[in-house]
Amino acid sequence: MSAPKELSRGVWRENPVLIQMLGLCPALAVTNTVANSLAMGIATFFVLCGSSLLVSLFRNLIPAQVRISAYILIIATFVSIADLSLEALVPTVHKALGAFIALIVVNCMILGRQEAFASRNRVGPALLDAVGTGAGFMIALLLMGSLREILGAGSFLGVPLFGESFEPWIIMILPPGGFFTLGFWLLLLAWLHKRRAARGGETAGGEAGAARRVA
Amino acid sequence: MTEAPQVSPLRLVATLAIAGSVAGLALVSVFEATLPRIQAHKQAALERAIGEVLHAPARFETLYERDGGLSPEPPAGVKDPERVYLGFGEDGRPVGFAIVAADPGFQDTIRLIFGYDAGKKTLLGMRVLESKETPGLGDKIEKDDKFVKQFDGAGAPPVGVRAGTKSKPEEIDMITGATISSKAVLKLIDGAIDQWKPLLEAHLKETQ
């Protein structure tokens, strides 16, 4: 596969949240504001890239029998580094994200990329794959965060949009709003995929993704 | 991984041991590197909150519970001893104590700080430091200025009344739709005053 494809695969065609349905827990839990989505996206991006780099670098040194433990060790180390760095640099964001930073360890999207890709590929492609997947995760989180903050708080990145008369849809920043928003984006994407498939201009990967989603 | 070649157990253990040591080393270095900034943030946040609930005192001192009294020296051998903060005005006279209290609210622990004038038995102010109350409802205990402002100068101990029926200085209008959260705030303040009152009054008498 060519380099641009390694990169774009995770962003769109195999987007971890919107197509593969991985990492849904943080995608639902912390996307009540754009700022939180962005911070979570950046932290996950950092952990994913760091882990993929190391796993790919040491792929021939790690015995298969203990590979999962080794991956988790690597991932957990990067997560703790991200956790401490966020607390030192942006304490308000760290407070808002709470335990979900530490829970990046159990984001199956990250372990999935190690097992499925980084451990079988050279450093270059592994990094591109991590960058693409991390970016795709961040985009999905931002899509959710924007919609939820605009409707649920009437603001974007804390800047009020609609003036005093707007009554915020509080439910959108509560947990049910996360499910509504995810459902809305999945529905929209499925509809787009279907429309494009009907026109015959669809790639195989997209169709498979759409089919999996419908199933 | 389709085929897993036989590897000696020693190598498995060695791999994880080395990986673990490197990870541990990395964590310790990052922890050491970030600790001063994290502590500085926490200290700054606390000082800001003390300034708010005591209305910008000229200075404040930290007093620890020690041998049944209050002392500027922390008791020996106690980790994280109980403490209050005594603020002083420009003239060097004490303006009031800032007390931190924490207890479960509706969702999770609510941590708040309040200013208390032990001489006049009035509250000086209240700020929520940490809470995960429901956005839009319970979080009004920190975001609703009308609720928060009531504590400035309220009589102590405060008594919660139905929203809009406040008629005495010690009464606090509760928040409609956030009864549990607003009651939790009052309970926290009442409990902390009960706990500290004798110590605070004794300390003021002693130092006068």
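Which residue in β5(B) is the bridge partner of B:Phe97? Select B:Phe97 in this predicted model and look across to B:Tyr116, its bridge partner in β5(B).

**Stop 1: the strand pair.** Extend the selection to β4 (residues 94–104) and β5 (residues 109–117) of chain B. Eight bridges join these two strands, and they run antiparallel.

**Stop 2: the whole sheet.** Now show the six strands of the open sheet in chain B. Read them across in the order β2-β1-β3-β4-β5-β6, with antiparallel pairing. Pick out β2 (69–71) and β6 (122–130) of chain B at the edges. Each has a single partner strand, so one side of each is left without a neighbour in the sheet. Sight along the sheet: neighbouring strands are turned by 30° against each other on average, direction ignored.

**Stop 3: helices on the sheet.** Add helix α1 (residues 9–53) of chain B, which packs on the sheet. It touches β1 (59–66), β3 (83–88), β4, β5 and β6 of chain B. The direction of α1 makes about 150° with that of β6(B). Next, add helix α4 (residues 179–207) of chain B, which also packs on the sheet. This helix touches β1, β2, β3, β4, β5 and β6 of chain B, and its direction makes about 140° with that of β4(B).

**Stop 4: a helix pair in chain A.** Switch to α3 (residues 34–57) and α4 (residues 67–89) of chain A. Their axes come within 9 Å and cross at roughly 145°. The crossing is right-handed. Show side chains at the contact: from α3(A), take A:Phe46, A:Val47 and A:Leu54 among others. Facing residues in α4(A) include A:Ile74, A:Phe78 and A:Leu86. Colour by residue class: the contact has 13 nonpolar residues, two polar and no charged.

Key
Residues are numbered from 1 along each chain as its sequence is written. Chains are lettered from A and ligands numbered from 1 in the order in which they are written. This is a predicted model: local features need pLDDT of at least 70, side-chain atom pairs count only at pLDDT 80 or more; totals for chains, interfaces and linings use all residues. Two strands pair if DSSP finds at least two bridges between them. Helices (H or I, at least four residues) and strands (E, at least two) are DSSP runs, numbered from the N terminus. Axes are lines fitted to C-alpha atoms, for helices over the stretch in contact, and angles run from 0 to 180 degrees between N-to-C directions. Two residues are in contact if their C-beta atoms, placed from the backbone, lie within 7 Å. A crossing is left-handed if the near helix is turned anticlockwise from the far one by less than a right angle, and right-handed if clockwise. Ala, Val, Leu, Ile, Met, Phe, Trp, Tyr, Cys and Pro count as nonpolar, Asp, Glu, Lys and Arg as charged, and the others, Gly among them, as polar.
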